Amino acid sequence: MDWTTILKAQQTDFIQRLKSGDLLHCEKEGQHSELTVISGERLQQLRDFCWNMAEKYRRSSSIPIRDVFVNNLKGKLGEEVVKIRLGDFVTEVDYEKRIGGDGKMEKLILS
């Protein structure tokens, strides 16, 4: 495959999105988008979950509760974006079955 074939396909996609007004944010299935918007009820659920996690680790962590919340929210937003973008290719962790998460070590790191 010639490398220009890929570039031409990307250029065509870009021009179509530019003309349709869906350049940065496109919710059409199968179309590329630079942005993923999470808002409304789903965002509120993620925020509530992260505040609950921050409260849970309040006593055992030397990190300020706000930083714990922000770190958890970054992770949950990342999970949500992957779930939205990859759809059926990934499965969600059932926290009811897996008490304590997905089994990996959790790190609280601010970037």
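Let's start with K76, which is buried, its relative accessible area being just 12%. Keep in mind that you're looking at a predicted model. Even tucked away like that, K76 has a partner: a salt bridge joins K76 to E79, and their closest N and O atoms are 2.9 Å apart. Where does E79 sit relative to K76? The two are three residues apart in helix α3, so about one helical turn separates them. E79 itself is partly exposed, at 39% relative accessible area.

Stay in helix α3 and you'll meet another pair, K83 and E80, again three residues apart, or about one turn of the helix. They form a salt bridge too, with 3.5 Å between the closest N and O atoms. Is E80 buried or exposed? With a relative accessibility of 8%, under the 20% cut-off, E80 counts as buried. K83, at 28%, is partly exposed. This pair also has company: R42 joins E80 and K83 in a network of salt bridges.

Now look at N72, which is also part of helix α3, a helix covering residues 65-86. N72 counts as buried because its relative accessibility is 16%. Its side chain reaches the backbone oxygen of V68 at 2.9 Å. Setting aside neighbours within four places in sequence, N72 touches C50 and M53. M53 is 19 residues away from N72 along the chain, yet their C-alpha atoms are 7.5 Å apart.

One last pair: R58 and E55 form a salt bridge, with the closest N and O atoms 3.5 Å apart. R58 is partly exposed at 44%, and E55 is partly exposed at 36%. Altogether, the structure holds six salt bridges.

Key. Residues are numbered from 1 along each chain as its sequence is written. This is a predicted model: local features need pLDDT of at least 70, side-chain atom pairs count only at pLDDT 80 or more; totals for chains, interfaces and linings use all residues. Side-chain values use heavy atoms; hydrogens and water are left out. Helices (H or I, at least four residues) and strands (E, at least two) are DSSP runs, numbered from the N terminus. Buried means under 20% relative accessible area, exposed over 50%, partly exposed in between (1.4 Å probe, protein chains only). Contact means heavy atoms within 4.5 Å. A polar contact is a pair of N or O atoms within 3.5 Å; within protein, one must be able to donate a hydrogen and the other to accept it, and residues adjacent in sequence count only if both atoms are side-chain atoms. A salt bridge is a side-chain nitrogen of Lys or Arg within 4 Å of a carboxyl oxygen of Asp or Glu.
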